[in-house]
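Hi,

Here is the structure I said I would pass on. Have a look at it first, and then read my notes below.

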Amino acid sequence: MMTDFLTPQLPHFLILATTLFVIGLVGVTTSRNVIRVLMSLELMLNAVNINMVAFNNYLSPAYGSGSGAQFFMSGQAFAIFILTVSAAEAAVGLAIVIALYRKYKTVDMEQFSVLKG
Amino acid sequence: MNWPVNWILAFLNTPAGTYCTEQHLFHLLPELAILITLSVGFWLASASTEMERQSVWRLSFWGLFFALMLATGDFFLTHTDRATGALYPQAVSVPVLFDMIRADLLFSLSRIVLYFGSMLVVLFARYFVQQSSPSHGEFPLIILGATLGAVLMTGANDLIMMFVALETLGISSFILSGYFRNDAKSAEASLKYLLYGGAATAVMLFGMSLLYGLSGGFTQFPLVAQGLAQWNHTQFLPVMVIATVLMLAGFAFKLSAAPFHQWAPDVYDGSPVPVTAFLSVISKLGAFVLLIRVVTLLLGTLAPGMVGLGGVTTSVLSGLFAVMAITSMVVGNLAALRQSSVKRLMAYSTIAHVGYILLAFVVLQQAAYATALFYLVAYVFMNLGAFAIITLVSQETGRDDINAYAGLIHKKPLMTLALSIFLLSLAGIPITSGFFAKFFLFQTVFKANPATLGLIVLALLNSTVSLYYYINLIRLMVIAEPSAAVAALPRKVQWLTAGPVVAVVMVCVWVTLGMGIYAEPVLGLARVALAQVGTAAASSNILFLSALH
């Protein structure tokens with residue numbers, strides 16, 4: 001019974017992913033430091049990655065080999081796409097932060113207030 | 001009249017009749033043209049001489065034009081009978097790239113509008129952008145990239161393709177809105193857009209990952225819908241509702257629908273004017289067409305026998321759309337009343353229009369989506385025309401506030417007339433396309449579900465409110481004394497810088513009035529396109545089986 005509880009199952013991964021996602025969401029909404037906001041965004045995306053890979057492994061485990069083995073790898077493929085795209089997004093985000101830092105000498109969100117919402 | 005078609009067929013060495021069944025990848029020829037233009041363009045943009053860098057603008061324009069021609073050719077080849085010129089009665093829905101993209105009538109039509117719209121943006125953006133950052137030629141190329149993303153969105157039939165297309169459009173838009181990086185407003189707008197957009201994408205992705213798991217490991221829209229219907233686990237219903245809400249929240253961000261609209265006024269205000277035009281038009285069309293596909297195919301609200309999420313979630317979906325529509329209309333129109341910047345005014349007007357269009361999603365029926373598509377196409381041209389004139393005023397006076405437009409009629413009578421036509425169309429005054437768009441939309445929604453009467457009355461009240469701020473701008477231009485900025489304008493038209501804008505405005509006036517006069521045929525085409533999306537969903541059973549074995 002104890003070993004069953006300790007063996008990682010699908011719910012463990014889902015709980016981990018949800019926790020990470022919520023931490024990321026809180027970080028995005030409350031942080032004033034732009035770099036920290038970007039990091040929280042990455043956290044949210046990585047939570048999605050964990051979800052994708054965990055679901056894929058649960059639904060189509062890599063049991064069996066040879067011609068009889070069936071693989072549906074779309075979740076893993078999705079995770080790789082998310083990694084790639086989030087890297088591109090982080091690159092653009094950091095470039096913008098550098099442009100703003102040159103102007104304001106700060107990365108504090110509250111200081112960027114030319115546009116009044 | 002068939003010679004261009006025959007010529008293209010001969011060029012592709014394709015026997016007549018096999019085009020749409022065997023040569024699947026040829027449906028993406030326009031996108032291939034855009035990709036080639038992009039590669040050549042980035043090579044040119046990094047070239048050493050000024051002249052080569054300037055040629056990027058011309059290259060991008062002709063690249064888009066060529067893609068538009070290819071897309072039009074593909075439409076005639078795939079969807080019309082070559083003998084009679086009429087649309088094929090049966091649905092043509094070709095799976096391209098392992099069914100990641102569905103090349104159907106909706107895809108064909110919306111990409112023609114998207115390429116046309118982007119072409120107009122590149123045309124009128126040139127002198128505005130070159131005035132502010134003369135030596136950079138990348139601007140039109142990023143527009144091309146963003147257009148590619150929007151086009152792929154309109155055809156997406158797979159969660160992965162949907163995500164990649166959304167991000168292609170998204171990341172390009174972040175770069176575009178921060179293009180004048182030495183301008184504090186532009187850089188700040190870009191940062192805000194990136195942070196809000198990134199969070200929206202992450203939220204939407206989390207919803208997608210839940211749908212992926214619940215469907216049993218599928219990513220293609222119809223297969224996900226069938227997977228959800230097959231499980232029939234009532235204990236998973238809350239998770240399904242959460243996944244749906246997360247995806248819709250992401251969409252609301254992308255569409256700038258209230259209550260997730262806060263980024264839009266700031267980003268629209270801070271971005272360069274042509275970028276504001278692009279964001280309010282091209283990305284809205286792409287996102288709405290994708291939303292139609294997601295709601296019908298992925299969430300399976302459509303075909304009998306495959307009600308994916310069951311009756312409970314259908315009503316949840318409908319309720320969420322109603323809330324989004326009401327808040328967008330009210331917030332957009334009320335906030336637009338007290339704006340002094342034209343760009344912010346147009347931003348709130350966009351939010352209001354998104355609210356009207358979302359009414360079509362409340363009833364969840366194909367006929368209503370068809371009127372939404374009509375509304376979007378009309379909106380693309382009237383808004384682009386208005387923004388072309390805003391760009392012209394901005395590049396000649398250097399101002400974006402409403403008072404800069406006072407007495408414009410004394411210096412630019414024809415431009416004032418054109419802007420008045422676009423504003424009246426946005427307000428929904430008869431004989432313009434905007435009136436018929438609203439009329440068809442409200443009428444169809446009411447017919448589909450008479451219980452929406454309250455919503456429609458609210459929408460009509462909102463249209464009346466919107467009339468105030470549109471007419472106010474016209475009143476300023478026509479009646480008020482010329483402002484200092486307008487008085488300083490030269491009387492003579494500078495054709496070198498104003499010529500492209502005049503061309504764009506002429507095209508947009510023509511389409512805005514033409515779509516008013518020939519409203520029925522255009523709406524008919526939209527109806528057929530949306531009806532065919534439905535049949536494609538029903539015929540996906542065969543693909544479902546072939547995916548399993």
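Before anything else, one cut-off you will need: a residue is called buried when its relative accessible area is under 20%, exposed when it is over 50%, and partly exposed in between. Take Val92(A) as a test case: its relative accessibility is 14%, so Val92(A) counts as buried. Also keep in mind that this is a predicted model.

**The two chains**

Chain A has 117 residues, of which 36% count as buried. Its secondary structure is 4 helices and 0 strands, so reading from the N terminus you simply get α-α-α-α. If you take the contacts in chain A between residues at least 6 apart in sequence, 55% of them join residues at least 24 apart. The chain exposes about 7,000 Å², with 67% of that supplied by carbon and sulfur atoms.

Chain B has 549 residues, and buried ones make up 64% of them. Here the tally is 22 helices and 2 strands. Among the contacts in chain B with a separation of 6 or more, residues 24 or more positions apart account for 80%. Chain B exposes about 19,200 Å², and carbon and sulfur atoms supply 71% of it.

**Where they meet**

How much area do chain A and chain B bury between them? The figure is about 3,500 Å², with 79% of it on carbon and sulfur atoms. Phe78(A), Glu89(A) and Leu115(A) supply 20% of what chain A buries against chain B, more than any other three residues. In terms of residues, 43 from chain A and 41 from chain B take part in the contact.

As for charges, the rule finds 0 salt bridges across the interface of chain A and chain B. The count of residue pairs in polar contact between the two chains is 3, both partners being at pLDDT 80 or more.

On the chain A side, α2 (10-30), α3 (34-59) and α4 (74-104) each supply at least two residues of the surface that touches chain B. The largest share, 17 residues, comes from α4(A). Sorted by class, this side of chain A has 31 nonpolar, 9 polar and 3 charged residues.

Back to Val92(A), which sits in helix α4 of chain A. Leaving aside neighbours within four places in sequence, Val92(A) is in contact with Ile171(B), Phe174(B), Ile175(B) and Leu194(B).

From the other side, look at Glu188(B) in helix α8 of chain B. Glu188(B) is buried, with a relative accessible area of 1%. Setting aside neighbours within four places in sequence, its contacts are Leu100(A), Tyr104(A), Phe112(A), Ser113(A), Val114(A) and Leu115(A).

**A salt-bridge network in chain B**

Over all chains, a search of the whole structure finds 13 salt bridges. Glu188(B) turns up again here: Lys185(B), Glu188(B), Lys192(B), Asp266(B), Asp269(B) and Arg344(B) are linked in a network of them.

Two of the pairs are worth finding on screen. Asp269(B) and Lys185(B) meet through their side chains at 3.8 Å, N to O. Asp269(B) is in helix α11 of chain B and Lys185(B) in helix α8, so this pair ties together parts that are 84 residues apart in sequence. Is Lys185(B) buried or partly exposed? Its relative accessible area is 27%, so Lys185(B) is partly exposed, whereas Asp269(B), at 9%, counts as buried.

The other pair is Arg344(B) and Asp269(B), whose side chains form a salt bridge at 3.0 Å, N to O. Arg344(B) lies in helix α14 of chain B, so this bridge ties helix α11 to a part 75 residues away in sequence. Both partners are buried.

Why is helix α11 (residues 263-270) of chain B described as largely enclosed by the rest of the structure? Because 8 of its 8 residues are buried. What covers them includes α7 (159-177), α8 (184-214), α10 (237-255), α12 (273-298) and α14 (342-362) of chain B.

**One more residue**

Finally, try Ser110(B), in helix α5 (residues 105-132) of chain B. At 4% relative accessibility, Ser110(B) counts as buried. Its side chain reaches the backbone oxygen of Leu106(B) at 2.5 Å. Beyond neighbours within four places in sequence, Ser110(B) is in contact with Thr154(B), Leu285(B) and Val289(B).

Best wishes

How values were computed:
Residues are numbered from 1 along each chain as its sequence is written. Chains are lettered from A and ligands numbered from 1 in the order in which they are written. This is a predicted model: local features need pLDDT of at least 70, side-chain atom pairs count only at pLDDT 80 or more; totals for chains, interfaces and linings use all residues. Side-chain values use heavy atoms; hydrogens and water are left out. Contact means heavy atoms within 4.5 Å. Buried area is the accessible area (1.4 Å probe) that two parts lose on being put together, summed over both. A salt bridge is a side-chain nitrogen of Lys or Arg within 4 Å of a carboxyl oxygen of Asp or Glu. A polar contact is a pair of N or O atoms within 3.5 Å; within protein, one must be able to donate a hydrogen and the other to accept it, and residues adjacent in sequence count only if both atoms are side-chain atoms. Ala, Val, Leu, Ile, Met, Phe, Trp, Tyr, Cys and Pro count as nonpolar, Asp, Glu, Lys and Arg as charged, and the others, Gly among them, as polar. Buried means under 20% relative accessible area, exposed over 50%, partly exposed in between (1.4 Å probe, protein chains only). Accessible areas come from the Shrake-Rupley method with a 1.4 Å probe; for residues, only the protein chains shown count as cover.
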